[in-house]
Amino acid sequence: MQEVGTKGVRNKEAKNGYFNYQSSNDVDKSMNIKVGDKKRSAKKTGKVLLVGAGPNDPDLLTVKAYKAILQAEVVVFDRLVGQDILNLIPDHCEQIYVGKRCGQPSLKQDEINDILIEQAKLGKQVLRLKGGDPFIFGRGGEEALALIAQQIPYDVIPGITAAIGCAASAKMPLTHRGLSRSVTLVTGHVMDGAFDSWSGLVSTGQTLVFYMGLEQAEKIQAGLLHSGLSKHTPIAIIGNGCSKKQQVHIEQLSELCHLSTKLKGLTPALIVVGEVVSLREKLNVEWIEELSLYQ
């Protein structure tokens, strides 16, 4: 049971399975964490929370994610976690940057796993902070498996994934009766290797969202056109979604490669493909745009 007061959140029962929230300034470091039927002191083995930071707007953090940030002893964070969210981390908390960027030197996933394991074995409460949701193109599953292999307790706090957050802020419903019955999320990185399922992506009444796809736009355009998707299909590139720097660019599929070249360097960016893109013109009316949260 929890009480919310002026000084934070207090647990009457330390049975929530997460960090033992006492208040924003008082962390009980001696809580017991259940592992199977046994109890292990947090002083001997810490715990790791895999936390989704959402689409880079602090107001879109979940309450649970915010509480966890306040109580963490170590935060291991990605490149897509913005400064406004990092500013929420208490001064006493150690911060470890493990961001990746295409074409630039960065830690390998195994090295990131090792950092989480090492910090937890020091008895620390570790928060792994990722943009979007940790289990959608965030390699959260890989990190969870690595923790389990070392018998380190972990949990997951979901976040708003970029496709949902950015499409909504751009006034683009990913599903809409009569236009789109399903949504498929695709990582642009797969274009570098074998990807023989283009025909499965091209179906009537479906919306496609490509994460990290701007640099692969030429392959995406060619694959979709070759598989029979109309060159007139509406597409959108959303950059810096859910922020004051948000950009929304609308074109048709035949112009995707050309548009991506013009926007080279825009990051983070999503590509949305499907008839729902055309709804933005009707939904993003001028008087609403003037009242937008992101202006």
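**Close-up views of a predicted model**

**View 1. The end of helix α4.** Gln151 comes after α4 and has a positive phi, near 55 degrees. The model shown here and in the other views is predicted.

**View 2. The two faces of helix α4.** The helix spans residues 140-149. Gly140, Glu143, Ala144, Ala146 and Leu147 are buried. Seen down the axis of α4, these buried residues fall within an arc of 160 degrees, so they line one face of the helix. An α-helix has 3.6 residues a turn, so residues three or four places apart point the same way. Leu145 and Ala149 are exposed, on the face turned away from the buried side.

**View 3. What α4 packs against.** The partners of its buried residues are β5 (47-52), α3 (109-121), β8 (125-130) and β9 (154-157).

**View 4. The largest nonpolar core.** This core holds 21 residues. Phe210, Ile220, Leu224, Ile237, Leu256, Ile271 and Val273 have the most contacts inside it. Two or more residues each come from α6 (198-201), β11 (206-211), α7 (217-226), β12 (234-239), α8 (256-262) and β14 (269-273). Another core, of 18 residues, lies apart from it. Ala53, Leu61, Ala72 and Leu129 are among its members.

**View 5. Around Leu256.** Leaving aside residues up to four places away in sequence, Leu256 touches Ala217, Ile220, Gln221, Ile235, Ile237 and Ile271.

**View 6. Arg79 in its loop.** Arg79 sits in the loop between β6 (74-77) and α2 (83-86). Its relative accessibility is 29%, so Arg79 counts as partly exposed. Pro268 is 189 residues apart from Arg79 along the chain, yet their C-alpha atoms are separated by 10.0 Å.

Note on methods
Residues numbered from 1 in each chain as written. Predicted model: local features only at pLDDT ≥ 70, side-chain atom pairs only at ≥ 80, totals over all residues. Heavy atoms only, no water. Buried < 20%, exposed > 50% of the residue type's maximum accessible area, 1.4 Å probe, protein only. Helix = DSSP H or I, 4+ residues; strand = E, 2+ residues; numbered from the N terminus. Arc of directions from axis to C-beta. Contact = heavy atoms within 4.5 Å. Core = buried A, V, L, I, M, F, W, Y, C linked by side-chain atoms within 4.5 Å.
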